[in-house]
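Here is a quick walk through a two-chain model, written for someone who would rather look at contacts than at cartoons. Have the viewer open as you read.

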Amino acid sequence: MASYIVRRILYAIPLLFLITIISFGMMKMAPGDPTALMMDPMIKKENLEAYKEAYGLNDNVVVQYVRWLGNMVQGNFGESLIRQGVPVSELITARLPNTLLLMLVSSFIAFLISIPLGVISATKRNSLTDYSITFVSFLGIATPNFWIGLVLIMFFSVNLGWFPTGGVSTLGEPFSILDRIHHLFLPALVLATADMAGLTRYSRSSMLDVLRQDYIRTAKANGFKNSTVIFKHGLRNGLIPIITILGLMLPSFIGGSVIIESIFAWPGIGLLFVEAAFQRDYPVIMAVVVIAATLVVVGNLLADILYAIFDPRIEY
Amino acid sequence: MSNLLEIKNLRTHFVKNKRVIRAVDGIDFQIRKGETIALVGESGCGKSMTSLSIMGLVPSPGGKIVDGEIILDGVNLLDLTEKEMYRVRGKDIAMIFQEPMTSLNPVLTIGDQLTSVIIHHLKLSKKEASERAIEMLELVGFSDPAKVMKNYPHRLSGGMRQRVMIAMAMSCNPKLLIADEPTTALDVTIQAQVLELMKELSERFSTSILLITHDLGVVSELAERVVVMYAGQIVEIANIGDLFDEPLHPYTEGLINSVPSIDGEIKRLQSIEGNVPAPGSIIKGCKFAARCSRAFDRCTKEEPDLWLMEDGSRAVRCFLYDDEEAN
């Protein structure tokens, strides 16, 4: 098992390396460069050149990349161009926990709701319950979640005043868990809806497949009651493909968090990314891209490890 | 010998695309205590559905037992609630299946699967159940049962898995063991071992066996009495010796003739012409008439009953043996 995990981690390294090359290359290919943003438009040509020279922008691309990568692996992402003097790593460490909290809670919500719904749907196949769950799922797949977010803000925050419209905490009040949950609830729920519908459908088809298996018949023939058959003998098998989906869901969670954080003014790296992109804050953009990519790779790694734990047939 | 199981006029129907399929169409037979009885017939004749009806596991929705009685030790199983059936399945009636490769749960260890059944029915402690499981594994021929307990099914071969299935089925001393094509998926040498094992265990625990198969070789190996089914009905019941010596129903005869014999002269193997009637088709008269070489007028007009013959140990559903015809 340990050697399997080590092997998977080693496989992830070249992948991360490739990601840094691509994200660096894309930034380089984008029109304009940081100086265009920092300088007074009336600046003299020779002064501009001097700046470029000072920032190393005139060096060979490969040299620039190696310098950036070298700094980055040491945890130095450079300084923000907009908030001058603030290291990017500081911005990230301030924001990342908020995003992780949001993603963790919303994936928890998604699993907690979707898997039972999928199981119910599968066991009561072709019943009214099944059709209703299927209908709502397709509705969920078809509805963009920024819209759901806006509607929920309208309804719960503006009209009813039950939840705050955004932010992580009430300004001017000391930190409290309840206050955090109060702020977290709507964004986490909306982010969860993005994948809940698909996850419900996956759990349903996975469980349907499992319930047709011979070992389910064996369990029934052994006199186990229905719930034991479904949850002990069925669900453990049905969850195996769902773990793969978990790995695949992570990118959409990160993509979704960019939108949801913007709507709910949730100060996470998604919102940081949007701000940085609008302001062409190159070091921040690149750092967030690399971190998001790392999260996806780590998520897939976790899925692989979970897979090996859940399915004894996997050879390490 | 008294009867352990009596099946009376059992009818199990399926509704598919609004058509009624009579998978089991009114069958009657008995299994005596300690007896091994074989249920024989081609695919789709209703033999597996008969066994699932006895277990109360007819696939639902779609399938339904519409009539009849299944009496085990004086209790009509069809009157029991689902909850009461939980106590019968795996305890009074155990079942082993055709597909040993897929009949065990891939994510649970052999030990987990065996002990959970034992704990469920015999109410033993975890430790006692584990001892009992090891004992059963030893009984079915594993030399290192403690190690097998910790294994997952994918580590075992098909023959070994079928032994585990047998150990599981026998672990709670069932009165009746239903074996649905237990050796079909195994290779020939393993088949013989598994049959031998079933025979040995059923004698030891005086368990009755309902053996479901299309393989007459297996039948001759294990069974004392044979019930031949065709298109959801019983066409012949006979003791094993009588059946092979003198099959009465033309269908039984056809089945026996289609088995290659090792000592007989080399001749063309005979097959039964035609196909099993499509499920759900309505046939007037004898259901086998269209494929029967000895059919005559009456066969396509009336439906024959199952006539009891001689001392009652034999029955056949064919006009050839109707006294009226003989006269």
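Which residue is the bridge partner of B:N3 in β2(B)? The bridge partner is B:R32. Before going further, keep in mind that this is a predicted model.

**The sheet in chain B**

That bridge belongs to a well-paired couple of strands. β1 of chain B covers residues 3-16, and its antiparallel pairing with β2(B) runs over 11 bridges. Another spot to click on is B:V15, which sits opposite B:V20 in β2(B). The two strands make a hairpin with 2 residues between them. In the turn, B:N17 has a positive phi of about 50°, in case you like to check backbone torsions.

Zooming out, the hairpin strands are part of an open sheet of 4 strands in chain B, ordered β2-β1-β4-β5 with antiparallel pairing. β2 (19-32) and β5 (75-76) of chain B are the edge strands; each has a single partner strand, so one side of each has no neighbour in the sheet. Helix α1 of chain B, residues 47-55, lies across β1, β2 and β4 (63-72) of that chain. The helix runs at about 70° to β2(B).

Further along chain B there's helix α10, residues 250-257, where B:P250, B:Y251, B:T252 and B:L255 are buried. What do the buried residues of α10(B) pack against? They pack against a mix of helices and strands of chain B: α8 (216-222) and α9 (240-245), plus β3 (36-40), β9 (225-230) and β10 (233-239).

**Chain A on its own**

Chain A is an all-helix affair, with 12 helices and 0 strands. Its C-alpha trace spans about 85 × 55 × 35 Å along the principal axes. Of its 316 residues, 33% are buried. Taking contacts in chain A between residues at least 6 apart in sequence, 70% join residues at least 24 apart.

How about confidence? Chain A averages a pLDDT of 85, and 98% of the residues score at least 70. Among the elements of chain A, α2(A) has the lowest mean pLDDT, at 69, while α9(A) has the highest, at 91.

**Domains inside each chain**

Both chains come with a domain assignment, and here they are side by side.

| Chain | Domain 1 | Domain 2 |
|---|---|---|
| A | residues 2-73 | residues 94-310 |
| B | residues 3-92 + 175-326 | residues 104-173 |

In chain A, the C-alpha centres of domain 1 and domain 2 lie 33 Å apart. The contact takes 16 residues from domain 1 of chain A and 13 residues from domain 2 of chain A. On the domain 1 side, α1 (2-29) and α2 (34-38) of chain A each supply at least two residues. The top contributor to that side is α1(A), with 12 residues. By class, the domain 1 side in chain A has 12 nonpolar, 3 polar and 1 charged residues.

In chain B, the C-alpha centres of domain 1 and domain 2 are separated by 30 Å. There, 13 residues of domain 1 of chain B are in contact with 13 residues of domain 2 of chain B. Helix α7 of chain B (residues 188-204) gives the largest share of the domain 1 side, 6 residues. That side of domain 1 of chain B is made up of 10 nonpolar, 2 polar and 1 charged residues.

**Where the chains meet**

How many residues of chain A are in contact with chain B? There are 18 of them, in contact with 22 residues of chain B. On the chain A side, α9 (214-221) and α10 (226-263) each supply at least two residues. The largest share of that side, 6 residues, comes from α9(A), the element with the highest mean pLDDT in chain A. By class, the residues of chain A that touch chain B divide into 5 nonpolar, 6 polar and 7 charged.

Notes. Residues numbered from 1 in each chain as written. Chains lettered and ligands numbered in written order. Predicted model: local features only at pLDDT ≥ 70, side-chain atom pairs only at ≥ 80, totals over all residues. Contact = placed C-beta atoms within 7 Å. Nonpolar A, V, L, I, M, F, W, Y, C, P; charged D, E, K, R; others polar. Pairing = 2+ DSSP bridges. Axes fitted to C-alpha atoms, helices over the stretch in contact; angles between N-to-C directions. Domains from an automatic or database assignment. Buried ≥ 20, exposed ≤ 12 C-beta atoms within 10 Å, placed from the backbone. pLDDT = per-residue confidence, 0-100.
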